[in-house]
Amino acid sequence: MSIEVNNESGFACDEAEFAALGRHVLDAMHVHPQTDLSILLVGTEVMSELHVQWMDEPGPTDVLSFPMDELRPGADGEVTPAGLLGDVVLCPDVAARQALDAGHSTMEELLLLTTHGILHLLGYDHAVPEEEKEMFALQRQLLLTFLAGR
């Protein structure tokens with residue numbers, strides 16, 4: 001499994017933590033071990049440009065996901081085919097504001113957003129209440145099991 005983490009944001013963080021989380025989520029979701037994932041941290045200006053370009057919405061957002069091979073989760077004994085999962089793009093400045101409102105650290109918020117972004121790459125969405133309930137419960141479970149294992 002290749003998980004590439006690039007920090008172009010200027011936010012000081014441990015990139016290895018993002019890679020470890022990515023491995024945890026992909027393993028838990030039975031994604032083939034040779035699947036590639038990219039995690040990129042960017043500043044508000046870059047995120048604003050991406051948000052307008054891809055979502056036609058102004059201003060920066062917290063996380064964007066760009067799927068590549070449209071892989072879906074596997075099951076016990078049935079991993080997905082190997083491939084290129086896609087890119088998760090994070091904006092630490094937006095995450096910092098959200099973390100303050102939520103009462104936890106920016107790094108915790110970024111880990112939550114990373115999990116959220118990976119689930120989007122795997123086809124999860126939260127456009128309707130049933131999907132939101134499923135995705136957010138899975139997101140919480142994956143993050144809690146990751147944090148418990150640290």
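Which residues lie nearest the centre of the largest pocket? In this predicted model, they are M55, V63, L64, S65 and H120. The close-up views below start from that pocket and then move on to other parts of the chain.

**View 1. The largest pocket and the residues that line it.** Let's begin with the pocket itself, which has a volume of about 260 Å³. Its lining is made of 14 residues, with M55, V63, L64, S65 and H120 placed nearest the centre. Two or more lining residues come from each of α2 (44–55), β3 (63–67) and α4 (106–121). Among these contributors, strand β3 gives the most to the lining, with four residues. As for chemistry, the lining of the largest pocket divides into seven nonpolar, five polar and two charged residues.

**View 2. The second largest pocket, lined in part by α4 and α5.** Here the volume is about 180 Å³. If you would like to pick out the lining residue by residue, look for H104, E108, L112, F136, Q139, R140, L143, L144 and L147. Helices α4 and α5 (129–148) each supply at least two residues of this lining. The largest share comes from α5, which provides six residues. By type, the residues around the second largest pocket are five nonpolar, two polar and two charged.

**View 3. The packing of α4 and α5.** Two packed helices are described by the angle between their axes and the distance between the axes. For α4 and α5, the axes come within 10 Å and cross at roughly 130 degrees. Angles from 65 to 115 degrees count as roughly perpendicular and those over 145 as roughly antiparallel, so α4 and α5 are oblique to each other. The handedness of the α4 and α5 crossing is right-handed.

**View 4. The packing of α1 and α5.** Helix α5 appears again here, now with helix α1 (residues 15–28) as its partner. The angle between α1 and α5 is about 125 degrees, and their axes are 10 Å apart. That angle makes α1 oblique to α5. The crossing of α1 and α5 is right-handed.

**View 5. D56, a residue with positive phi in the loop between α2 and β3.** What is the phi of D56? The angle is positive, at about 55 degrees, although D56 is not a glycine. You will find D56 in the loop between α2 and β3. Its relative accessible area is 68%, and over 50% counts as exposed, so D56 is exposed.

**View 6. E70, a residue with positive phi in the loop between β3 and β4.** E70 is not a glycine, yet its phi is positive, at about 50 degrees. The residue lies in the loop between β3 and β4 (84–90). Is E70 buried or exposed? With a relative accessibility of 56%, E70 counts as exposed.

**View 7. Two buried strand residues, V5 and I39.** V5 is found in strand β1 (residues 2–7). Its relative accessibility is 17%, and because buried means under 20%, V5 counts as buried. From V5, look across to A16: the two are 11 residues apart in sequence and 7.8 Å apart in space, C-alpha to C-alpha. I39 sits in strand β2 (residues 36–41). At 0% relative accessibility, I39 also counts as buried. The C-alpha atoms of I39 and I3 are separated by 7.4 Å, with their positions 36 residues apart along the chain.

**View 8. E45, an exposed residue of helix α2.** Is E45 buried or exposed? E45 has a relative accessible area of 62%, so it is exposed. Its place is in helix α2. How far apart in space are E45 and S9? The distance is 9.9 Å, C-alpha to C-alpha, for two residues 36 apart in sequence.

**View 9. A127, an exposed residue in the loop between α4 and α5.** To finish, turn to the loop between α4 and α5, where A127 lies. A127 has a relative accessibility of 63% and therefore counts as exposed. A127 and L71 are 56 residues apart along the chain, and their C-alpha atoms are separated by 19 Å.

Technical notes: Residues numbered from 1 in each chain as written. Predicted model: local features only at pLDDT ≥ 70, side-chain atom pairs only at ≥ 80, totals over all residues. Heavy atoms only, no water. 1 Å grid on protein atoms, 1.4 Å probe; cavity = no way out; pocket = protein on both sides within 12 Å on 5 of 7 lines; lining within 4 Å. Points joined across faces, edges and corners; volume = space filled by probe spheres on them. Nonpolar A, V, L, I, M, F, W, Y, C, P; charged D, E, K, R; others polar. Buried < 20%, exposed > 50% of the residue type's maximum accessible area, 1.4 Å probe, protein only. Axes fitted to C-alpha atoms, helices over the stretch in contact; angles between N-to-C directions. Parallel < 35°, antiparallel > 145°, perpendicular 65-115°, else oblique. Left-handed = near helix turned anticlockwise from the far one by under 90°.
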